[in-house]
Amino acid sequence: YGREHISKRQSVALEGFKFFWNYNGFVPFIGPSISFERWAVGEFEGDRQVGGTKRTRMVSPGILIGWDILASPLETWVLRTNLRYYPFQKIENVTGRKSRVDQFEFNFIQLVVYPNRMKNIPRWRS
């Protein structure tokens, strides 16, 4: 009908995870996550907002699964892939009804650098 629904999410999460084993540099992990969420939902017709903005705040539990690839023998950096899933999230939409907005996030390859480990590597002097 020419209307556009826009939702915006801001979140901060606290995560903990446990590594299972190291198989030739492949290190899988799993752990819990808790996210502090802020949602805003609005309805627009063209460039004009129709009605108000509905805001929802929530604390949402989730799960984190992933793996590291230890490419450096000194473990000063790793390549990390992880999946985050936050089920059962519900926000209030512009009509006042609740809508489920479960979040599934997939970060394929991230470079994780440990500067403190790099700083502590002994330098050979010639």
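A residue is called buried here when its relative accessible area is under 20%. Arg80 has a relative accessible area of 11%, so it falls on the buried side of that cut-off. The model is a predicted one, and Arg80 makes a handy way into it, starting with its charged partner.

That partner is Asp68: the two residues form a salt bridge, with 2.7 Å between the closest N and O atoms. Arg80 sits in strand β5, which covers residues 77–86, while Asp68 sits in strand β4, so the bridge ties together parts of the chain 12 residues apart in sequence. Asp68 is buried too, with a relative accessible area of 2%. As for the general idea, side chains of opposite charge can pair when their charged atoms come close.

Strand β5 supplies another charged residue, Arg84, which bridges to Glu105 with the closest N and O atoms 2.9 Å apart. Here the link runs between distant parts of the chain, from Arg84 in strand β5 to Glu105 in strand β8 (residues 103–113), 21 residues away. The two ends of this pair get different labels: Arg84 counts as buried because its relative accessibility is 14%, whereas Glu105, at 30%, counts as partly exposed.

Over the whole structure, the search turns up 9 salt bridges. One of them joins the side chains of Arg3 and Glu43, at 3.1 Å from N to O. Arg3 belongs to strand β1 (residues 3–15) and Glu43 to strand β3 (residues 26–45), so this pair ties together parts that lie 40 residues apart in sequence. Glu43 is buried, its relative accessible area being 11%, and Arg3 counts as partly exposed at 42%. The pair does not stand alone, either: through salt bridges that share partners, Arg3, Glu43, Glu45 and Arg48 are joined into one network.

Back in strand β8, Val112 offers a nonpolar view of the same region. Val112 is buried, with a relative accessible area of 17%. Apart from neighbours within four places in sequence, Val112 is in contact with Thr76, Trp77, Val78 and Arg80. So Arg80, besides bridging to Asp68, is also among the residues that Val112 touches. Arg9 is another matter: Val112 and Arg9 are 103 residues apart in sequence, and their C-alpha atoms are 25 Å apart in space.

Thr76 turns up again further along the chain, as a contact of Ile121. Ile121 lies in the segment that follows α1 (115–119) and is partly exposed, at a relative accessible area of 27%. With neighbours within four places in sequence set aside, Ile121 is in contact with Leu74 and Thr76. Ile121 and Leu74 are 47 residues apart along the chain, with 8.5 Å separating their C-alpha atoms.

On the surface, Lys8, Arg38, Arg55 and Arg57 come together in a patch of positive charge. One of these, Arg55, is part of strand β4, which covers residues 48–69. Arg55 counts as exposed, its relative accessibility being 66%. Strand β4 is also where Asp68 is placed, but Asp68 is buried at 2%.

The loops hold some exposed residues of their own. Arg97 is found in the loop between β6 (90–92) and β7 (98–100) and, at 61% relative accessibility, counts as exposed. Leaving out neighbours within four places in sequence, Arg97 is in contact with Ile91 and Glu92.

Two further loop residues are notable for their backbone angles. Asn24, in the loop between β2 (18–19) and β3, has a phi near 50°, a positive value in a residue other than glycine. Phe88, in the loop between β5 and β6, likewise has a positive phi, about 65°, although Phe88 is not a glycine. Asn24 is exposed, with a relative accessible area of 72%, and Phe88 is exposed as well, at 64%.

Note on methods:
Residues numbered from 1 in each chain as written. Predicted model: local features only at pLDDT ≥ 70, side-chain atom pairs only at ≥ 80, totals over all residues. Heavy atoms only, no water. Patch = residues over 30% accessible without salt bridge, like charges linked within 9 Å, V, L, I, M, F, W, Y side chains within 5 Å. Areas by Shrake-Rupley, 256 points an atom, 1.4 Å probe, with all protein chains shown as cover. Salt bridge = Lys/Arg side-chain N within 4 Å of Asp/Glu carboxyl O. Lys, Arg positive; Asp, Glu negative; His and termini not counted. Charge placed at Lys NZ, Arg CZ, Asp CG, Glu CD. Helix = DSSP H or I, 4+ residues; strand = E, 2+ residues; numbered from the N terminus. Buried < 20%, exposed > 50% of the residue type's maximum accessible area, 1.4 Å probe, protein only. Contact = heavy atoms within 4.5 Å.
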